[in-house]
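Dear colleague,

Here is the structure I promised to hand over, and my notes on it follow underneath. Please read them beside the coordinates.

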Amino acid sequence: MLYKGDGVLICQRKFTMVLLKEYDCLTYSPVSSPLDSIVKLSKDEGTLLPDPRYYRKLVGKLNFLTNTRLDIAYSVQHLSQFMQAPREPHLKADVHVLRYLKKDPTLGIFLSNDPSYNVSAYCDSDWAACPDSRKSVNRYIVLLGDSPISWKSKKQTTVSLSSAEAEYRSIRKVVGELVWIKRLLEELTVMCADPITVFRDSQAVVYIGRNPVFHERTKHIEVDCHFVWDKIQEGLIELHHISTSVQLADILTKALTGVKHSDLLSKLAVTSSPPT
């Protein structure tokens, strides 16, 4: 979405610098990842903030940045869960995100002029990731060529009873997004090749997708299964298994170390642009 010298990038950079100044983070040392991979946040741990509006305002502004900064999408989604009763550890994690933004306020997505319009997607889930509700986290990234054009990190609305169920609910979300993207591209007279490859690091989901036979372990997600099967039969998508080590959607699922976080960003064509 961002090019070097693009007006959107300049606006993003200015907004980030204003945000750092507003929350007195200009003198803080930068960090290499949006969230500390060691710290585990809970809704009941820590002292309640005297004024929750301060926290809510900051998270709202960070949420605005996720429109162009997929690298903080998981962090903002995670911190948004504590809006009702924010505590000191939650605010500290918010400041950690600001320190990460300070490291490179010009970080953005590069869209190349490659004439190829191949669409692909990576999706995954983190089973029972929430320590308070044990709900899983869905995430997906849709690529046009090598550049991300759509992404989401969101906690599931119901508790999944197995990792396979969590994974299948996740793939249902990305397939729905791909249906919409395909229709949008067709309206723009951009024809993308079928089928669209969806990469997963779960063998169980690939087997369920290829085997249209219900059994006791899958009957409670029949609607999701039928929807995905229909799109496979129509030729819209095909499922491919990949190693967890090359799962690009991991950046939207959990707090990563700085090295892992930077490695995934480089694979997603997320780069920094110097001021023009």
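**Sheet and cavity**

Strand 2 (residues 119-126) and strand 5 (residues 196-200) run parallel and pair over three bridges, where strands are DSSP runs of E with at least two residues, numbered from the N terminus, and two strands pair if DSSP finds at least two bridges between them. The model is predicted, so local features need pLDDT of at least 70 and side-chain atom pairs count only at pLDDT 80 or more, while totals for chains, interfaces and linings use all residues. Residues are numbered from 1 along each chain as its sequence is written, and side-chain values use heavy atoms, with hydrogens and water left out.

Within the pairing of strands 2 and 5, Ala 121 stands opposite Val 198, and Tyr 122 has Phe 199 as its bridge partner. Strand 5 also pairs with strand 6 in the parallel sense, over five bridges, and there Arg 200 is matched with His 241.

These strands belong to an open, mixed sheet of five strands in the order 4-3-2-5-6. Strand 4 (147-155) and strand 6 (237-241) stand at the edges with a single partner strand each, so one side of each is left without a neighbour in the sheet.

Five of the five residues of strand 5 are buried, meaning under 20% relative accessible area with a 1.4 Å probe, protein chains only. Ile 196, Val 198 and Arg 200 lie on one side of strand 5, and Thr 197 and Phe 199 on the other.

With best regards

Note on methods: Helix = DSSP H or I, 4+ residues; strand = E, 2+ residues; numbered from the N terminus. Buried < 20%, exposed > 50% of the residue type's maximum accessible area, 1.4 Å probe, protein only.
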